[in-house]
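Colleague: Please take a close look at one helix in this model and at the surroundings it packs into. I would like one connected account rather than a list.

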Amino acid sequence: MRLQSPLKKRLKREWDIHLMIIPGVLLLFVFNYLPMYGVVTAFQDYNLFKGFADSPWAGTKHFRMFFHSPDFWTIMRNTVIVSLLKLVFSFPAPIALALLLNEVGKAAFKRVIQTVSYLPHFLSWVIVGGFVISMLSVDNGSINILLMKLHLIDEPINWLSESNYFWGILIASNVWKDIGFASIVYLAAISGIDPHLYESASIDGANRFRQMFSITLPSIMPVIVIFMILAIGNVMNAGFEDILILTNNGVNAIVRNVSDVIDTYVYRIGIQNQRFSYAAAVGLFKSVINVLLLIGANRIARRSGQSLW
Amino acid sequence: MIKLSSGEKIFQVCVYILLILLGIVTLYPFWNAIVISFNAGADTARGDITLWPRVFTLDNYQLVFEDGRLTYAFLISVLRVLIGTTLSVSLTSMLAYGLSKTKILLFKPYMFYCIFTMFFSGGLIPSFVLNKELHLNNTFWVLIIPSLISVYNMIIFRTFFRELPDGLEESARIDGCTNIGTFVRIVIPVSGPVFATLALFTAVYHWNDWFTAAIYINKMNLLPISSILQQILNSNLATEMLATQTGGNASAIDAVGKLQTVTSKSLSMATMLVASMPIILIYPFLQKYFVKGVLVGSIKG
């Protein structure tokens with residue numbers, strides 16, 4: 001009897017493993033890889049009726065149009081600023097919460113606060129946006145009621161129609177929604193810290209507050225850095241659903257000069273105005289910047305000892 | 001008991017105060033929404049409704065449960081969650097199990113193939129065009145099929161499967177079980193927590209996702225409740241619903257002089273609460289699982 005070749009033997013053992021993998025691979029191919037090919041529309045004048053094959057070639061026309069359009073600087077500015085604001089406020093907030101929760105002795109209180117804080121994460125932005133709109137509304141918005149009762153303002157403010165307040169509202173909503181859930185990882189990292197470190201510190205005379213900064217924070221630095229790398233790589237993804245909901249699905253044009261970021265722009269121009277190729281070009285531009293940022297941020301972090309890969 | 005210095009005591013008090021404030025700020029919008037939903041709409045428009053209803057009414061909820069559109073939307077959402085979660089968790093876990101066998105043929109290419117999709121995607125427009133070409137637009141299935149495989153979830157499954165003791169699967173194999181058989185009969189029963197966590201995350205995603213339907217579907221009876229909710233909030237759908245219900249009379253005081261109990265604001269609040277109830281009721285019970293799931297996903301992934 002001829003010995004089976006190693007390959008045949010392997011396949012005989014593994015065939016149903018591959019069977020389990022194939023459906024996933026196929027689905028990823030259709031819904032993740034095929035659209036990647038779709039970026040070719042960015043270089044065409046895509047025509048719905050002609051499809052990919054027959055739409056005329058446009059080269060870099062759309063890219064040049066985007067870079068020279070009056071919108072370009074506004075959108076890039078908004079995208080970068082919103083991301084930076086999120087980095088400065090939304091990023092540290094869960095860390096601060098984890099540090100605070102770590103100081104709580106009573107387990108029951110800690111658990112209750114944690115459960116409560118996780119709730120907004122599980123709600124859709126429609127609901128969170130609904131709450132924000134309700135709290136800020138001119139008639140019966142709790143914020144306006146509070147401010148008027150404290151005599152800080154005389155008349156209700158129409159918060160969502162003022163450009164000056166938009167970024168603040170956006171960031172505050174983001175923090176409200178995710179601070180609890182995002183703190184889970186940091187809290188877990190903190191719980192992995194060796195208690196002896198704290199003991200020796202308090203023998204040396206450091207109080208809890210000091211310990212927080214000298215022991216807890218440095219010990220979870222690796223985790224913080226990894227997430228910061230990811231956050232920087234995400235700068236171009238400044239926001240989408242949240243901005244859409246807070247600007248009435250993009251209809252509210254009053255604050256558009258501060259609210260429009262790349263993703264909302266692509267949505268409006270591409271889906272609502274049906275300028276497919278142009279929107280695809282903008283989207284591709286964004287993806288490329290994303291990848292570059294991720295690689296760049298990782299390189300910087302690698303020098304300080306942490307790396308994503 | 002270690003004696004705390006007075007500085008430390010103040011610190012402790014501050015910590016507790018801050019956390020309690022956080023709890024209040026998190027819960028207040030809910031409470032306010034509940035109060036508004038139980039308050040007569042026209043009365044709310046006069047302001048100052050914060051902690052307790054002034055003119056109690058159940059009419060908002062009555063309208064929510066009676067309007068055909070909302071009932072349909074609720075059904076669509078439930079169907080979507082049930083079918084979408086089951087299919088997605090099954091397929092993703094199968095893929096993950098397969099990829100947990102690091103020694104198989106083509107392992108490295110498979111992994112790269114999957115991970116690459118996490119970093120680079122075609123974008124919104126190409127996906128839109130693709131779904132159109134596949135005739136998925138304006139069907140129920142566009143809500144489910146494109147999102148069936150989540151590479152992020154797959155990694156969480158995979159990490160968990162790899163941590164399972166080899167002995168478990170070895171004994172099944174010796175008994176003549178196929179790989180698929182091992183997966184179904186041994187691995188799945190043992191993996192309760194990770195399945196529960198990812199089922200929860202997937203279900204929450206399906207329940208909350210309003211955007212997919214917003215761009216791919218215009219048939220009103222195919223919209224899930226989150227999309228209807230978005231329309232209520234962002235457009236005049238609420239007013240329209242009121243008009244249909246009250247026979248075109250949407251003024252503050254109707255013909256008989258009774259105070260209008262349902263306005264677009266009070267209706268929005270009631271709908272929002274009904275839409276979020278399922279999640280609010282379920283997630284505390286699964287807290288143990290998803291806390292673990294987040295860790296496995298973030299630290300290992």
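**A helix at the contact between two chains**

Modeller: In this predicted model, the C-alpha centres of domain 1 and domain 2 of chain A lie 38 Å apart. Domain 1 of chain A covers residues 6–35, and domain 2 of chain A covers residues 69–303.

The part to examine is helix α6 of chain B, residues 124–133. This helix is mostly covered, with seven of its 10 residues buried. The buried ones are B:L124, B:I125, B:P126, B:S127, B:F128, B:V129 and B:N131. What do the buried residues of α6(B) pack against? From chain A they meet α1 (6–37), α15 (262–272) and α16 (276–303), and from chain B they meet α11 (211–216). After α6(B) comes B:H135, which has a positive phi, near 60 degrees.

The wider contact between the chains takes 66 residues from chain A and 78 residues from chain B. On the chain A side, the elements that give two or more residues include α1, α15 and α16 of chain A. Among the others on that side are α6 (107–122), α7 (125–136), α8 (142–149) and α9 (163–191) of chain A. The largest share of the chain A side, 17 residues, comes from α1(A). By residue type, the side of chain A that touches chain B divides into 41 nonpolar, 18 polar and seven charged residues.

To return to the helix itself, α1(A) is thus named twice: the buried residues of α6(B) pack against α1 of chain A, and α1(A) gives the largest share of the side of chain A that touches chain B.

Note on methods. Residues are numbered from 1 along each chain as its sequence is written. Chains are lettered from A and ligands numbered from 1 in the order in which they are written. This is a predicted model: local features need pLDDT of at least 70, side-chain atom pairs count only at pLDDT 80 or more; totals for chains, interfaces and linings use all residues. A residue is buried if 20 or more other C-beta atoms lie within 10 Å of its own, exposed if 12 or fewer, and partly exposed in between; C-beta atoms are placed from the backbone. Helices (H or I, at least four residues) and strands (E, at least two) are DSSP runs, numbered from the N terminus. Two residues are in contact if their C-beta atoms, placed from the backbone, lie within 7 Å. Ala, Val, Leu, Ile, Met, Phe, Trp, Tyr, Cys and Pro count as nonpolar, Asp, Glu, Lys and Arg as charged, and the others, Gly among them, as polar. Domain bounds come from an automatic or database domain assignment.
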